[in-house]
Amino acid sequence: MTIIQTARYDMAPDTIAIVGGVVLTEEGLVRADLVIEHGLITALGTDVVLPEGATVLEAKDCIVGPGFVDLHTHLREPGKEQAETIATGARAAALGGYTAVVAMPNTDPVLDSAFVVRAVLDLGAVSTCEVAVAGAITVGRKGESLAPIAELAKLGVQLFTDDGSGVQHGGVARRALDYCRGLGVTYAEHCEDNAIAAGGVVHEGEWSAKLGLPGQPASAEEAMVARDLLLAGELGARLHLLHLSTSGSVELVRQAKHAGINVTAEAAPHHFTLTDAALESYDAVFKVNPPLRPEHHVQAIIDGFADGTIDAVATDHAPHTPETKDLPFDEAPPGMLGLETAFSLTFERLVLGAKMSIEQLFAVMSMNPARIAGLDAASSRPYGHTPHGKPVAVGNVANLVVIDPEATWTVEGSSLASLAANTPYEGRTMHGAIRHTVLRGEPVVLEGKATR
Ligand SMILES: [Zn+2]
């Protein structure tokens, strides 16, 4: 069957065809070719006639699906352009199979004003990935007075967070949740109670004791998860929990979802593929916030994905320059690269590890994050975006990824598109690779290489 539609999308790159692959459609995975004209999918089926002059993307033995959406990317611009810029971060995202990312607000200046948010959106608009912004909840991320949330929401900002730190004052968090509820936007929390964390730079336990490094207990995260779930439940507000890392957090969210609380949650690949035993090397490349945890927490995150308690894989992509990451462990900044390794890690651990199907991988890397970020439907310009996270169908804007489940590759920090090189997976062989990424009908990654 071939469906033809002739609507056009005015971003209008070349006519392209993706041939030979298995496509994730509304009916599930089907063998099909597809044609994209002027940014829109215009034909899909096994008997598609390729238009003359079409650029052909080979997808034999590959899966074609909606481009990934990252809920948690630190692009570092403005303020730390030596670690990453919007352009380099977007290129890393495209190479990782992402067609949209949400830029976190802990830049310098903070994304707490329309002026700075507009500047980031303008730069994002000409990059190789759609860039949405998470606005700060409080002015300067200081946790005191509320940022101009209504004004930022008018620019299309859907998520608000003081990520980098949690909102410490329960009264401020409650007021912000209530305000976000009224505006129909989502409050997102970096769950960390500073008083309980007490400056710990690793997980408190066997390895903090062995290494003589100050640790923070799991309860530093869980106490804020519990507080926010209570507040969101009481107010009927929508809550998104960032980078969950402990078994207690997963269990609290599981219970809250059963109780009907409007909560979604994400977890980062490093929290389901690495344990705090990696700290043995004393290498600050393994320093991240929330910290790497022991195996039973890692298993709980995996189980949280398997039963749908955790909705989304989020990278927490956090580039840092070598000068800062080479500082002594307790002085080095927390964070690790994530955009270019997230798919392979998720594919290996969760799909090859028999915890989820490939369709579910697309749910946690594309559909669910698109919905959580409000990127699943088109929004109006000048700060609009095209829809992401939709099954492949005629009439949709072509925001697509082509993955090769059979390919293997080896991580080399210096070869990644990110300006920084702080990957904790250096030298590791990965299973599954991104072959092509198509943004609004433009092939921004072809055969694993960025085209611009
Ligand atoms: Zn965070």
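The mean pLDDT of this predicted protein model is 95, and 97% of the residues score at least 70. The exception named here is the stretch of residues 1-12, where pLDDT stays under 50. For that stretch the model has 31 contacts beyond four places in sequence.

**Domains and their contact**

Two domains are assigned: domain 1 comprises 3-64 + 387-450, and domain 2 comprises 67-372. Taken over C-alpha atoms, the centres of domain 1 and domain 2 are 26 Å apart. Domain 1 puts 32 residues into the contact, and domain 2 puts in 46 residues. On the side of domain 1 that touches domain 2, two or more residues come from each of strand 4 (28-31), strand 19 (400-410), strand 20 (429-439) and strand 21 (442-446). Strand 20 gives the largest share of that side, seven residues. By residue class, the side of domain 1 that touches domain 2 holds 22 nonpolar residues, 10 polar residues and no charged ones.

**Nonpolar core**

The largest nonpolar core counts 139 residues. Leu34, Val64 and Ile301 have the most contacts inside this core. Helix 13 (residues 358-372) supplies the largest share of the core, eight residues. Both domain 1 (3-64 + 387-450) and domain 2 (67-372) are represented in this core, with at least three residues from each.

What is Leu34 in contact with, leaving aside its neighbours within four places in sequence? The residues are Ala17, Ile18, Val23, Ile41, Ala43, Leu44, Val48 and Val392.

**The parallel sheet**

An open sheet is formed by eight strands, in the order 9-10-11-12-13-16-17-18, with parallel pairing. Strand 9 (68-73) and strand 18 (312-313) each have a single partner strand, so each of these edge strands has one side without a neighbour in the sheet. Within the order, strand 13 (residues 186-189) and strand 16 (residues 239-241) run parallel and are joined by three bridges. One residue pair can be named: Ala188 has His240 in strand 16 as its bridge partner.

**Helix 1 and the loop before it**

The loop between strand 9 and helix 1 (86-95) contains Pro78. The peptide bond leading into this proline, from Glu77 to Pro78, is cis, with omega near 5°. Arg76 is found in the loop between strand 9 and helix 1 as well. Its phi is positive, about 70°, although Arg76 is not a glycine. Is Arg76 buried or exposed? Arg76 counts as buried because it has 28 C-beta neighbours inside 10 Å, and the cut-off for burial is 20 or more.

Helix 1 itself is mostly covered, with 10 of its 10 residues buried. Among the buried residues of helix 1 are Ile86, Thr88, Arg91 and Leu95. After helix 1 comes Gly97, which has a positive phi near 90°.

**Other backbone and exposure details**

A further cis peptide bond runs from Asn289 to Pro290, with omega near 0°. Pro290 lies in the loop between helix 9 (270-273) and helix 10 (295-306).

His38 is not a glycine, yet its phi is positive, near 50°. This histidine is placed in the loop between strand 5 (33-37) and strand 6 (40-45). His38 is partly exposed because 18 other C-beta atoms lie within 10 Å, a count between the limits of 12 or fewer for exposed and 20 or more for buried.

Arg118 belongs to helix 2 (residues 114-125). With 15 other C-beta atoms within 10 Å, Arg118 is partly exposed. Along the chain, Arg118 and Val202 are 84 residues apart, and 36 Å separate their C-alpha atoms.

The table lists the C-beta neighbour counts and exposure classes given above.

| Residue | Other C-beta atoms within 10 Å | Class |
|---|---|---|
| Arg76 | 28 C-beta neighbours inside 10 Å | buried |
| His38 | 18 C-beta atoms within 10 Å | partly exposed |
| Arg118 | 15 C-beta atoms within 10 Å | partly exposed |

Key: Residues numbered from 1 in each chain as written. Predicted model: local features only at pLDDT ≥ 70, side-chain atom pairs only at ≥ 80, totals over all residues. pLDDT = per-residue confidence, 0-100. Contact = placed C-beta atoms within 7 Å. Domains from an automatic or database assignment. Helix = DSSP H or I, 4+ residues; strand = E, 2+ residues; numbered from the N terminus. Nonpolar A, V, L, I, M, F, W, Y, C, P; charged D, E, K, R; others polar. Core = buried A, V, L, I, M, F, W, Y, C linked by C-beta atoms within 7 Å. Pairing = 2+ DSSP bridges.
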